Amino acid sequence: MRRLSAKIAVTTIAATMAFGGTAAASEVTVSSGDSLWSIGQENGVSVSELKDINNLSSDIIHAGDTLQTSSGGSSSTDEASSASNSSSGGEVTVQAGDTLSAIANREGVTVSQLQDWNNMSGTLLMVGDTLQVESSGSSGGSNDSAESTSSTGSSNGTVESYIDTAKSQMGAPYQWGGTTPAGFDCSGFVNYAIDGEGLPRTVSQMYNSLTPVSSPDRGDIVFFDTSGGPSHAGIYLGGGEFIHAGASTGVTVSNMNSGYWSNAYLGARTY
């Protein structure tokens with residue numbers, strides 16, 4: 001398919017559904033130089049949604065690939081099937097054709113929440129997998145209030161909104177001095193995600209002014225020495241993983257226990 005006006009060409013396909021209904025599903029054909037981020041920007045979807053819809057486990061795409069940019073409508077048969085997938089115990093069993101995005105939509109949660117509750121760093125699902133669709137302990141109790149507050153002093157809902165914002169930018173490119181989805185540097189990305197906390201602009205300023213913690217909690221900022229002193233930062237996700245804007249990767253999730261990041265780690269700060 002030709003590129004139209006240097007933009008991604010979009011073909012809308014009408015898919016016939018049960019009972020004579022139709023649902024529109026859009027496709028794009030990947031051209032040279034395209035990325036999941038640029039395709040998402042062009043079509044109003046996030047990188048994580050594109051990966052979910054197309055069952056992608058990485059951000060790598062190739063010229064000539066065809067990607068769906070929407071999951072399309074669902075028939076009444078689909079809705080009945082999805083209802084049967086849920087259980088009263090806060091779990092779902094993955095069925096053929098399920099994606100994290102589809103499960104999140106029908107359960108009224110976000111993809112990020114599903115990943116967090118099930119300790120997933122990607123979006124790959126296998127038929128027969130069982131997923132938690134609510135966090136343990138969410139049913140109430142005297143300890144819920146205490147547990148819902150992180151070391152940042154903000155409610156867990158606020159921390160989760162920061163993390164959801166951060167994850168929504170997966171695949172965004174790196175740009176020195178960048179503070180927007182068009183391009184981030186590491187401290188610009190942290191400021192973008194943790195909006196409203198009045199964080200300092202640079203990594204060294206954050207490191208020197210925020211409150212040190214002995215070990216990071218989810219949502220805290222982790223710091224690294226990559227070029228002499230505090231020179232790189234990201235947001236801790238838990239399980240040893242953090243999300244950050246890397247010079248060679250753009251916005252991505254990395255493991256702090258890997259050789260490079262483990263050796264460069266300086267400490268964590270809360271805000």
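1. Over which residues at the start of the numbering does the pLDDT stay under 50, and how many contacts beyond four places in sequence does the model have for them? The stretch is residues 1-25, and the model has 54 such contacts for it. This is a predicted model, and a second stretch, residues 73-89, also has a pLDDT below 50, with 21 contacts beyond near neighbours in sequence. Where pLDDT is low, the predicted coordinates should not be read in detail. For the protein the average pLDDT is 75, and 75% of the residues score at least 70.

2. Overall make-up. The protein has 10 helices and 13 strands. Of its 271 residues, 41% are buried. The accessible surface comes to about 13,400 Å², and carbon and sulfur atoms account for 48% of that area. Among contacts with a separation of 6 or more, 51% are between residues 24 or more positions apart.

3. The sheet. Six strands form an open sheet with antiparallel pairing, in the order β8-β13-β9-β10-β11-β12. Its edge strands are β8 (211-213) and β12 (250-255), each pairing on one side only. From one strand to the next the twist averages 40°. At the β8 edge, 3 bridges join β8 to the antiparallel strand β13 (residues 265-270), and Val213 stands opposite Ala268 in β13.

4. The hairpins around β11. β10 and β11 run antiparallel and are joined by 3 bridges, with Gly238 opposite Glu241 in β11. The two strands form a hairpin with 2 residues between them, and Gly239 in that turn has a positive phi of about 65°. On to β12, the hairpin passes through 3 residues, and 6 bridges link β11 and β12, again running antiparallel. Here Glu241 stands opposite Asn255 in β12. Because 5 of its 6 residues are buried, β11 is largely enclosed by the rest of the structure.

5. Helix α8. This helix packs on the sheet, where α8 touches β9, β10, β11 and β12, and its direction makes about 45° with that of β10. It spans residues 186-193, and 7 of these 8 residues are buried, so α8 is largely enclosed by the rest of the structure. The buried ones are Cys186, Ser187, Gly188, Phe189, Val190, Asn191 and Ala193.

6. The cores. The largest nonpolar core has 37 residues, and those with the most contacts inside it are Leu67, Val190, Ile194, Ile221, Ile235, Ile243 and Val251. Elements that each supply at least two residues of this core include the helices α1 (36-43), α7 (156-167) and α8, and the strands β9 (221-224), β10 (232-238) and β11 (241-246). Apart from it lies another core, of 12 residues, among them Val92, Val94, Leu100 and Ile103.

7. Ala166 and Val251. Is Ala166 buried or exposed? Ala166 is buried, with a relative accessible area of 0%, and its place is in helix α7. Not counting residues up to four places away in sequence, Ala166 touches Phe189, Ala193, Ile235, Ile243 and Val251. The C-alpha atoms of Ala166 and Ile194 are separated by 8.2 Å, though the two are 28 residues apart along the chain. Leaving aside its neighbours within four places in sequence, Val251 has contacts that include Ala166, Met170, Phe184, Phe189 and Ile243.

Definitions and conventions: Residues numbered from 1 in each chain as written. Predicted model: local features only at pLDDT ≥ 70, side-chain atom pairs only at ≥ 80, totals over all residues. Heavy atoms only, no water. Buried < 20%, exposed > 50% of the residue type's maximum accessible area, 1.4 Å probe, protein only. Helix = DSSP H or I, 4+ residues; strand = E, 2+ residues; numbered from the N terminus. Core = buried A, V, L, I, M, F, W, Y, C linked by side-chain atoms within 4.5 Å. Contact = heavy atoms within 4.5 Å. Areas by Shrake-Rupley, 256 points an atom, 1.4 Å probe, with all protein chains shown as cover. Pairing = 2+ DSSP bridges. Axes fitted to C-alpha atoms, helices over the stretch in contact; angles between N-to-C directions. pLDDT = per-residue confidence, 0-100.
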